[in-house]
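Look at the sequence and the model below before reading on. The paragraphs that follow go through the confidence, the interior, the surface and the charged pairs in turn.

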Amino acid sequence: MQQETEQTKAARPALQMKGITKRFGSFTALNQVDLSVNTGEVHALLGENGAGKSTLMNCLFGMYGQYDGEIYWQGEPVRITDSQTAIRKGIGMVHQHFMLIPVMTVIENVVLGMTDNHWVLDLKAAARRFTELSQTYHLALDPWAKVEQLSVGQQQRLEILKSLYRHARLLILDEPTAVLTPEEVDGLFEIIDRLKAEGHTVIFISHKLNEVMKICDRCTILRNGSVAATLSISQVRNRETLARLMVGNETDLDLHETDCHLGSQALLEVKQLSCRGDYGQLICKQLSFAIRPGEILGICGVDGNGQRELVECLTGLRQAESGQYLLGGRELLNCDARQLLKSGVSHIPEDRLKYGLAPGMSLEENLILADYKRSDFARHGWLRSGRIRRQAMALCQRFGVRFSSLKQPAAELSGGNQQKLVAARELDRQPRLLIAVHPSRGLDVGAARFVQNAILSMKRKGTAILYIAGELDEVMEMSDRILVMYEGQFMGQQARANYDRTQIGLMMAGTPIS
């Protein structure tokens, strides 16, 4: 009888959410959502941008205290009104945008806010326990390092270890691979497999359907704030099946690429460009490349090898130490961002909240940030609100931005809709040079393809495009040529007709190949 009881306990759901409804004013973000996740399961939560995935998990983790419906954890009804309650219940969450304080150390971030802290913190004892935990999961981190010194992948490991340090049995991973290199993704999957083997439960939110099919057991799909389907991954034939369930119709996952005539002369020329990093060290070392009209040049490499600093030099966010930056023969080196905008440079930035949006401003205002002085939008110093509103509505509809009001702050949009908002503004400017950095980050599969096809349409119009992304497959798929970057230098280049993943991998590891 005891054995039957234990089997029943193991088979019952670790988590049940029943009839969850969440409203923001008159907007219903979640409508009677049911979610059931079994113990020791990796359960995917899928849906288009703005479908309600993060909102549902924020309800579970106590980020939104007010919601309708019931939550059962380990068979018992619970009311989770704040994140401390969720943590005490054994629920941890790694957010899409990490919840870490950069100027504090790793161990200070781990113990911050813990209710069992004493008046005098014993950080040394906490560091010893943290080190043991990190060694157990092969996630070595220096507990005394400042978070601002960690790579993005290391920060994610810290977030996972922070939850495990607090005895989490259910781990929510919100877009966990969005900012990781392929090697870091493999490492994360090894961690998930180990957590699953130890009886932990994982909720995996992602737009990368190939990863979902590789790592997850079951999935629940949200569409417009309601459950569209719950099914076993073994029932899914291909990613198109999942995509169709997410959007409710056939989804175009193809790139609409056509032959494009490349200009004979380079539109962009960068010659011997060098710049220093945040701490004065030489980061980019005499970089030279050119892009012709109608050409996409991809740059790939492990994050942290100078890509960010190069882009900042080209977009007026960092001063170059030496070199040339010519667009159509005009020198633009160390021009500010306003001058570059006037010269026809558009930029889809790596960090949309830091560089791409003014989060507290409305959607209308964000969409005219670069062009508010245009005669279409202003006359005699006064903004023409009617024209601005019509332009904003047209762009949001064209790019599928989901919103409740054009007056709402950009901060209230989901991450994917924020990305679409930035892409809409930058592509609509019809630039001569487009610098696209992780342009599909945080987008569902259909939206990612839409943005990529919009970029290809700019290529067909003769725009020179610099394309940087963390996923090698994406860079190879989009680019006419690839340059591989390592420690601030180019290790070599390959044309589309001669792509060789093995050689590209060697160059990413620091082996020059001519």
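I101 is partly exposed, because its relative accessible area is 32%, and the range for that class runs from 20% to 50%. This residue lies in the loop between β6 (91–94) and α4 (106–111). Together with V103 and L112, I101 makes a nonpolar surface patch of about 250 Å².

How far can the picture be trusted? The model is predicted. The mean pLDDT of the protein chain is 88, and 94% of its residues reach 70 or more. Residues 1–9 are another matter: over this stretch the pLDDT is below 50, and beyond near neighbours in sequence the stretch has 0 contacts in the model.

Now turn to the interior. The largest nonpolar core has 51 residues, and L46, F130, L158 and F204 are those with the most contacts inside it. Helix α7 (residues 182–197) gives the largest share of this core, 6 residues. There is also a second, separate core of 44 residues, which includes F399, L413, L427 and V451. Back in the largest core, L158 can serve as an example: leaving out residues up to four places away in sequence, L158 touches L100, V106, V110, F130, L141, V147 and L150.

Two other residues show what being covered looks like. I71 is found in strand β4 (residues 68–73). Is I71 buried or exposed? With a relative accessible area of 2%, I71 is buried, because the cut-off for buried is under 20%. Not counting residues up to four places away in sequence, I71 touches L15, Q16, M17, I20, C59, L60, E76, P77 and V78. One of these, C59, is 12 residues from I71 along the chain, and the C-alpha atoms of the two are separated by 9.6 Å.

R166 has its place in the loop between α6 (152–165) and β7 (170–174). At 15% relative accessibility, R166 also counts as buried. Its contacts, leaving aside neighbours within four places in sequence, are I87, N109, V110, V111, L112 and M114. L112 in this list is also part of the nonpolar surface patch with I101 and V103.

Next come the charged pairs. Side chains of opposite charge can pair when their charged atoms come close. The structure holds 24 salt bridges. In one of them E48 pairs with R402, and the closest N and O atoms are 2.8 Å apart. This pair links distant parts of the chain, 354 residues apart: E48 is in the loop between β3 (42–47) and α2 (53–60), and R402 is in the loop between α14 (385–399) and α15 (415–428). E48 counts as buried at 18% relative accessibility, while R402, at 30%, counts as partly exposed.

A second pair, K162 and E159, is joined by a salt bridge with its closest N and O atoms 3.2 Å apart. Where do these two residues sit relative to each other in helix α6? They are separated by about one helical turn, because they are 3 residues apart in that helix. An α-helix has 3.6 residues a turn, so residues three or four places apart point the same way. Both K162 and E159 are buried.

A third salt bridge joins the side chains of R308 and E309, at 3.1 Å from N to O. R308 is partly exposed, with a relative accessible area of 34%, whereas E309 counts as buried at 8%. The pair belongs to a network, in which salt bridges that share partners join D278, R308, E309, E312 and R318.

Helix α10 (residues 307–314) is mostly covered, since 7 of its 8 residues are buried. The buried residues in α10 are Q307, E309, L310, V311, E312, C313 and L314. Just after this helix, G316 takes a positive phi of about 80°.

A positive phi also turns up in residues other than glycine. For Q286 the value is near 50°. Q286 is found in strand β12 (residues 282–291), and this residue is exposed, with a relative accessible area of 54%. For H380 phi is near 55°. H380 lies in the loop between β17 (378–379) and β18 (382–383), and with a relative accessible area of 76% H380 is exposed.

Terms used:
Residues are numbered from 1 along each chain as its sequence is written. Side-chain values use heavy atoms; hydrogens and water are left out. A nonpolar core is a set of buried Ala, Val, Leu, Ile, Met, Phe, Trp, Tyr and Cys residues joined through side-chain atoms within 4.5 Å. Buried means under 20% relative accessible area, exposed over 50%, partly exposed in between (1.4 Å probe, protein chains only). Helices (H or I, at least four residues) and strands (E, at least two) are DSSP runs, numbered from the N terminus. Contact means heavy atoms within 4.5 Å. Patches are made of residues with over 30% relative accessible area and no salt bridge: like charges are joined within 9 Å, nonpolar side chains (Val, Leu, Ile, Met, Phe, Trp, Tyr) within 5 Å. Accessible areas come from the Shrake-Rupley method with a 1.4 Å probe; for residues, only the protein chains shown count as cover. A salt bridge is a side-chain nitrogen of Lys or Arg within 4 Å of a carboxyl oxygen of Asp or Glu. pLDDT is the predictor's confidence in each residue, from 0 to 100.
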